[in-house]
Amino acid sequence: MEDSRSRSQWGTICRTFADEVMAPHVRRHDEERSFPRQVHERAAAEGLLNARFPVELGGRGISCADFAEGIAELSGACPAMTWTLVFNFGALHPVLAAGTPEQKDVFVRRLLSRNGYAALGLTEPENGSNLLATRTRAVQTESGWLLNGVKCMSGNGTVADVFLVLANTVVNSRSSGLSFFAVPRESPGVDVGPDVEKAGFRCLPTPTITFRDVALEPVTLVGRVGDGEALLTELLATIRIGGAACGTGIVTALLRDALVWVRERRLYPDDRMDTLSHVQLTLGRLYVELCAARRLLDAATNRVDQGLSFSRESTMAKYAATELAVRASNEILQLHGWRGIATDYGVEKRWRDSRVLTIFEGSSEIQLRQVFREMRRAAAGADGL
Ligand SMILES: Cc1cc2nc3c(=O)[nH]c(=O)nc-3n(C[C@H](O)[C@H](O)[C@H](O)COP(=O)(O)OP(=O)(O)OC[C@H]3O[C@@H](n4cnc5c(N)ncnc54)[C@H](O)[C@@H]3O)c2cc1C
């Protein structure tokens, strides 16, 4: 697995960080469901935090391809911890895409300069997959906006300094479409609830955030009134690259460790597990599927780096890589017998964490609906399917 593709310099930095800094802390934060502060401090000191942001805003301006490779390497140690480290780029995407220079300065540059956090408020108790039915409302007032609503499962929400909130905008008593707002956490009326206990991604806090008559200044509106739907589409396409990279990273680590296990484990005195045809076929098939998922991910990141549209590619990559992670972790867990479900061996944690991937950032069903629409469009086009 190691030599099958050459690792970039950024990938090597992330792999070293994963092995030396993250790995020793993974189990404790998973068991305690605690935010990995120490790991973040080391990541900040070593320039790993917020590296995908442009240099002028405090990042390192790394490419999307490098970013995805880094996420995959870090996810080999712990996808949840990785998410806590990289999600600022997803949460702040609306500001990067549509913010004014002042908004980029206030909500991005200043936040990054103090190693702060942003969180995303899309999902509501009533609406997860169908975000167009968002109930949170921002009503225009003489001095700005009045925000009311509830958002749930907000990743990094417990530590966030600012929330990027999707809301229905009301101007002159008329519904004016969806818009994004950058809501400072300290605004009166913002209430951050306790973390939700989850089977996987335990060290990523995902609280419910309640907004009660939160008065917002005009500068908090990101983009124009009604731009929210277009920004949401772009945002989801962007964060799905992260989900896909997480999936390929988990599967790579599972296969890497499984090769050691099947080489060393003897089922009968002279019979290593890797001599069994069933084992060879299982791991061989999963490797083919991993290579295919990586190609889809590469296609998406290359298009981002070339400034081309990438929604189709990132959707397919997210679907393929995350479904594979669920399947691979389940099959490799089985190859480990009782050790597969014992907490000492790490396989069950990858199995639990993988289960999250086909749900967040839009479930697999939502990805497939989008792929179906793309397929239908392609079929009707000049070149067909
Ligand atoms: C670890 C984690 C982190 C998260 N982080 C964030 C975050 O930072 N910010 C945020 O806003 N949200 C976040 N979420 C929430 C996540 O985005 C939602 O869980 C997801 O979008 C699905 O919404 P839902 O859970 O409400 O499912 P529902 O929308 O209730 O769907 C239930 C089921 O119905 C299926 N379904 C829905 N519509 C259709 C359809 N048309 N056709 C077929 N099947 C359908 C779904 O696939 C799913 O299986 C996070 C979730 C997790 C687990």
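Which residue has a backbone N or O atom that lies 3.0 Å from a nitrogen atom of the ligand?

## The ligand site

That residue is leucine 120. The protein buries 65% of the 980 Å² that the ligand exposes when taken alone. The model shown here is predicted.

Two side chains also reach the ligand through polar atoms. Serine 363 places a polar side-chain atom 2.5 Å from an oxygen atom of the ligand. For glutamate 365, a polar side-chain atom lies 2.7 Å from a ligand oxygen atom.

There are 21 residues around the ligand. Those that come nearest are Thr123, Ser129, Met153, Ser363 and Glu365. Serine 363 and glutamate 365 thus appear both in this nearest group and in the distances given above.

## A buried threonine

Threonine 210 belongs to strand β7, which covers residues 209-216. Is threonine 210 buried or exposed? Its relative accessibility is 14%. The cut-off for buried is under 20%, so threonine 210 counts as buried.

Its contacts can be listed without the neighbours within four places in sequence. Threonine 210 then touches Gly149 and Val150. It is also in contact with Gly189, Val190 and Asp191.

## A nonpolar patch on the surface

Phe372, Met375 and Leu385 make a nonpolar surface patch. Its area is about 340 Å².

Leucine 385, one of the three, is found in the segment after helix α12 (364-380). Its relative accessible area is 74%. Exposed means over 50%, so leucine 385 is exposed.

Note on methods: Residues are numbered from 1 along each chain as its sequence is written. This is a predicted model: local features need pLDDT of at least 70, side-chain atom pairs count only at pLDDT 80 or more; totals for chains, interfaces and linings use all residues. Side-chain values use heavy atoms; hydrogens and water are left out. Helices (H or I, at least four residues) and strands (E, at least two) are DSSP runs, numbered from the N terminus. Buried means under 20% relative accessible area, exposed over 50%, partly exposed in between (1.4 Å probe, protein chains only). Contact means heavy atoms within 4.5 Å. Patches are made of residues with over 30% relative accessible area and no salt bridge: like charges are joined within 9 Å, nonpolar side chains (Val, Leu, Ile, Met, Phe, Trp, Tyr) within 5 Å. Accessible areas come from the Shrake-Rupley method with a 1.4 Å probe; for residues, only the protein chains shown count as cover. A salt bridge is a side-chain nitrogen of Lys or Arg within 4 Å of a carboxyl oxygen of Asp or Glu. A residue is near a molecule or strand if one of its heavy atoms lies within 4 Å of it. A polar contact is a pair of N or O atoms within 3.5 Å; within protein, one must be able to donate a hydrogen and the other to accept it, and residues adjacent in sequence count only if both atoms are side-chain atoms.
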